[in-house]
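Let's take a friendly walk through a protein model together. Have the sequence and the 3D view open, and look up each residue as we reach it.

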Amino acid sequence: MTERNITIGFIGAGRMGSALAGALSAAGYPVTAVASRSDESACKLAGRLPSASAVSPQQAADTVELLFITTPDRAIAEVAGSIAARPGLMVCHVSAATPRLALASLENEGALTGVFHPLLAAGSREQADIPPGTTFAIEAAEPLLGTLHRLANAVSGHSIELKSADRVLYHASAVLASNYLVTLLDRAAALWQGFAGRQEALSALLPLVRGTLDNIENIGIPDCLTGPVARGDVATVAAHLEALTGADRDVRDIYRVLGRATVPLALSAGGIDRQRAAELESLLEKCA
C-alpha cells in the first residue's frame, strides 16, 4: 500500500476541517469519513468529497488510518476522550496553541498522536482552501512525523517542526500577524468617520495593505518600510499624535507603541540616524 492510499477521516466539519479535507482529497488522499456535532455539516462536507461518508466520531476512528480532529480548540480534549482508539491509529489535531497532550487519552490506547497546524486564516466553509505555500507546524514522533511532512508537501505546502514549548510563542506570532491586523484595520477605518463611511475607508485601505504585503515579500523587512518614521519626519509624527488626542485612547496608544517599535527598523534600514531616532523615541514616549 502506498501512502496515498492511507484512508483519512475528520471529526469537525468547520472551516479548517473543510479546507484540509478538500486539499488532501484533491492531492489524491482518500478522505473516507466525516463526523461533526452537526449531522448537516458532516453531510455537506462529505458531499463535496468523492469518497467520503458522514459517520459518527467513533465510526471515523474505527474505519480510517489517519484521523484529524478539526473541532474548536476547547473541544479537542473532550472529543479525544469520547472515542476509543486502536493501536497504530494516527490522530492529529490542527490547533496552533493546544498541546499534543490534549490527545493523551488516545495515545494511552496505542494511537500515534500529533499536531498538524496550517498557518492560514480559513475562509467560509464553502470557500475554504489551503493555498500553495502554506506552512504547516508539525509536532509528532516517527513514523507519524514523516507522514505529516509528506502530507504538507502533497498540498504544495512547507512544514516546520515545533516542540511543545515552542507552540505558545508560535501562536502569539500568528495572532499578531493575522488577528490583530483585523483590529488594526478596524481602528484605522474608524479614523475616517468624520469624512467618509466605514466601507469606503476599508475599500481605500485594503489596496494599501496589499501593496505593503507585496513589498514585504519582494523587498523584505526593513528595506520595504515607508512613512514618517522611516523618513525621520518628526513634525508629521507630532501632528498625528496631536490629531489623535481627539480619537479613542486606544488608537493613540496603538500608534505610539507601534511607532516606537518602528524606530529601530527605520534605523536599521538607514533612513534615519541615531539622533533622529532618539528624537522620535522621545516624542513617542512623552505621549505615554
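In this predicted model, Arg276 and Glu279 both sit in helix 12 (residues 274-286), 3 residues apart, which is about one turn of the helix. That spacing is worth a thought: an α-helix has 3.6 residues a turn, so residues three or four places apart point the same way. The two side chains form a salt bridge, with the closest N and O atoms 3.2 Å apart. Side chains of opposite charge can pair when their charged atoms come close.

Are these two partners buried or exposed, or something in between? Arg276 has a relative accessible area of 33%, so it counts as partly exposed. Glu279 is partly exposed too, at 31%. Some salt bridges also link up: those that share partners join Asp186, Arg187, Arg198 and Asp250 into one network.

How many salt bridges are there in total? The count comes to 10. Here are three of them, with their N to O distances.

| Salt bridge | N to O distance |
|---|---|
| Arg276 and Glu279 | 3.2 Å |
| Arg100 and Glu107 | 3.9 Å |
| Asp186 and Arg187 | 2.5 Å |

You can check the surroundings of these partners as well. Glu107 is partly exposed, with a relative accessible area of 38%. Asp186, at 24% relative accessibility, is partly exposed, and Arg187 is partly exposed at 25%.

Now step back and view the whole chain. Its secondary structure comes to 12 helices and 8 strands. The C-alpha trace spans about 65 × 40 × 30 Å along its principal axes. Of the 288 residues, 42% count as buried. The accessible surface is about 15,100 Å², and 55% of that belongs to carbon and sulfur atoms. Among contacts between residues at least 6 apart in sequence, 55% join residues at least 24 apart.

Next, look inside. The largest nonpolar core has 38 residues, and those with the most contacts inside it are Ile8, Leu24, Leu66, Phe68 and Phe116. Both strands and helices give two or more residues to this core, including strand 1 (8-11), helix 1 (15-26), strand 4 (66-69) and helix 6 (144-154). A second, separate core of 20 residues includes Ala33, Ala60, Val91 and Leu106.

Which residues does Leu66 touch, leaving out those up to four places away in sequence? Among them are Ile6, Ile8, Met90, Cys92, Leu144 and Leu151.

Helix 8 is a good place to compare inside and outside. This helix covers residues 198-218. With 21 residues, helix 8 reaches 30 Å from its first C-alpha to its last, close to the 30 Å expected at 1.5 Å a residue. Its buried residues are Ala201, Leu202, Leu205 and Val209, and they pack against helix 7 (167-190). Why does Val209 count as buried? Its relative accessible area is 18%, and buried means under 20%, so Val209 falls within the cut-off. For a sense of distance, the C-alpha atoms of Val209 and Ala152 are separated by 28 Å, with their positions 57 residues apart along the chain.

Leu213 belongs to helix 8 as well, but at 48% relative accessibility it counts as partly exposed. Leu213 also joins Ile216, Ile221 and Leu265 in a nonpolar patch on the surface, and together these residues have about 350 Å² of accessible area.

Finally, let's follow the backbone into some loops. Helix 8 is followed by Gly220, whose phi is positive, near 95 degrees. The peptide bond from Ile221 to Pro222 is cis, with omega near 10 degrees, and Pro222 lies in the loop between helix 8 and helix 9 (228-231).

Another cis peptide bond joins Glu142 and Pro143, where omega is about 5 degrees. Pro143 is in the loop between strand 7 and helix 6.

On the far side of helix 6 comes the loop that leads to strand 8 (158-161), and Ser156 is found there. The phi of Ser156 is near 60 degrees, a positive value in a residue other than glycine. Ser156 is partly exposed, with 44% relative accessibility.

Definitions and conventions. Residues numbered from 1 in each chain as written. Predicted model: local features only at pLDDT ≥ 70, side-chain atom pairs only at ≥ 80, totals over all residues. Heavy atoms only, no water. Core = buried A, V, L, I, M, F, W, Y, C linked by side-chain atoms within 4.5 Å. Buried < 20%, exposed > 50% of the residue type's maximum accessible area, 1.4 Å probe, protein only. Helix = DSSP H or I, 4+ residues; strand = E, 2+ residues; numbered from the N terminus. Contact = heavy atoms within 4.5 Å. Patch = residues over 30% accessible without salt bridge, like charges linked within 9 Å, V, L, I, M, F, W, Y side chains within 5 Å. Areas by Shrake-Rupley, 256 points an atom, 1.4 Å probe, with all protein chains shown as cover. Salt bridge = Lys/Arg side-chain N within 4 Å of Asp/Glu carboxyl O. Expected span 1.5 Å × (residues − 1).
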